Amino acid sequence: MDNLKITTYQGYLFWENIDKNLQNISLRLSGVRTSTDLVILPEMFNTGFTMNAEKLAEPMGGKTMQWMQTTAHKMNCVVTGSLIITEDGKYYNRLIWMRPDGSYEHYDKRHLFALGKEDETYTAGTKKLIVELQGWKICPMICYDLRFPVWLRNVNAEYDLLIIVANWPERRSLHWRTLIPARAVENQAYVIGLNRFGYDGNEVFHSGDSMCIDPNGKVIYYKPNEEDIYTFSINAEELIKTRRALPFLRDADEFHLD
């Protein structure tokens with residue numbers, strides 16, 4: 001494992017405007033002057049968190065995925081974030097893990113936000129995704145998944161880094177700021193929560209509060225109340241040292257979700 005260099009974009013999202021969002025994110029990323037291994041974008045980064053799937057959904061390999069492929073190739077890094085995908089007559093809030101060579105993996109959001117009627121529009125996923133980058137095992141998740149620790153549980157140390165991409169409203173930011181450090185400590189893993197910033201089309205305000213927490217609960221990065229693009233590194237030695245000194249994961253309960 002090498003140290004992993006990560007760029008997060010806590011961005012303002014233009015409501016239901018795919019072209020404008022892709023153009024704006026491209027402009028923001030063009031200002032990144034250092035190499036990076038991974039670029040993380042928010043949940044539904046090309047539209048904002050909308051239930052207007054019939055109008056905005058794209059097929060696999062559509063415009064936004066082509067943009068992700070071009071951007072990953074240009075920056076020579078992985079690009080990840082979620083968007084609305086239509087497949088077999090269903091809609092998914094789908095995270096894409098796009099590599100520089102154009103290959104990709106995907107994860108469909110498991111826990112749909114019933115309070116916002118997400119479950120009435122989208123189909124829930126059933127499988128976790130574990131990907132590898134520079135020797136790191138990484139588990140990407142989406143927003144509301146954060147509230148369900150059994151789904152996120154690091155069984156048999158299956159991941160080293162947990163990523164949550166989100167459109168998490170400011171009115172529940174205390175929950176966000178509490179749960180992310182809890183997930184890091186209980187799973188002995190780095191956790192990155194990447195949120196959007198600003199008002200959406202429903203006049204819901206998002207304060208950002210994106211953060212990276214290390215396995216001991218230490219804050220590596222935190223940014224509230226403004227748009228931000230930031231590159232930082234996470235330390236492999238610190239992860240290994242923590243797990244060796246405090247081997248809590250080996251005492252965890254054995255269980256499996258159907």
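Which residue in the turn of the β3 and β4 hairpin has a positive phi? In this predicted model, that residue is D88, with a phi of about 55°. The turn is made of 2 residues between the strands.

Strand β3 covers residues 78-87. Strand β4 covers residues 90-98. The two run antiparallel and are joined by 9 bridges. Within this pairing, I84 stands opposite N93 of β4. Strand β4 is mostly covered, with 7 of its 9 residues buried.

Strand β4 also pairs with β5, which spans residues 104-108. This pairing is antiparallel too and runs over 5 bridges. Here I96 has H106 of β5 as its bridge partner. The hairpin of β4 and β5 has 5 residues between its strands. Among them, G102 takes a positive phi near 90°. Strand β4 is thus paired with β3 and with β5.

A further hairpin is formed by β6 and β7, with 2 residues between them. Q134 lies in the turn and has a positive phi of about 55°. Strand β6, residues 131-133, is antiparallel to β7 and is joined to it by 3 bridges. L133 has W136 of β7 as its bridge partner.

Strand β7 comprises residues 136-142. Of its 7 residues, 6 are buried, so the strand is largely enclosed by the rest of the structure. In a regular strand, side chains alternate between the two faces of the sheet. Strand β7 also pairs with β8, residues 161-165. This pairing is parallel and has 5 bridges. P140 is matched with I163 of β8. Strand β7 therefore has an antiparallel partner in β6 and a parallel partner in β8, and 6 of its residues are buried, which means that it is largely enclosed.

Helix α5 occupies residues 173-187. At 1.5 Å a residue, its 15 residues should span 21 Å. The C-alpha atoms at its ends are 21 Å apart, which agrees with that expectation. The buried residues of α5 are S173, W176, L179, I180, R183, A184 and N187. Seen down the helix axis, these residues fall within an arc of 135°, so they line one face of α5.

The cover over this face includes both helices and strands. Among the helices are α4 (149-152) and α6 (236-245). Among the strands are β8, β9 (190-194) and β11 (205-213). Strand β8 thus takes part in covering the buried residues of α5 and also pairs with β7. After α5 comes Q188, whose phi is positive, near 45°.

Methods
Residues are numbered from 1 along each chain as its sequence is written. This is a predicted model: local features need pLDDT of at least 70, side-chain atom pairs count only at pLDDT 80 or more; totals for chains, interfaces and linings use all residues. Side-chain values use heavy atoms; hydrogens and water are left out. Buried means under 20% relative accessible area, exposed over 50%, partly exposed in between (1.4 Å probe, protein chains only). Helices (H or I, at least four residues) and strands (E, at least two) are DSSP runs, numbered from the N terminus. Two strands pair if DSSP finds at least two bridges between them. The expected span of a helix is 1.5 Å times one less than its number of residues. The arc is that of the directions from the helix axis to the C-beta atoms. Contact means heavy atoms within 4.5 Å.
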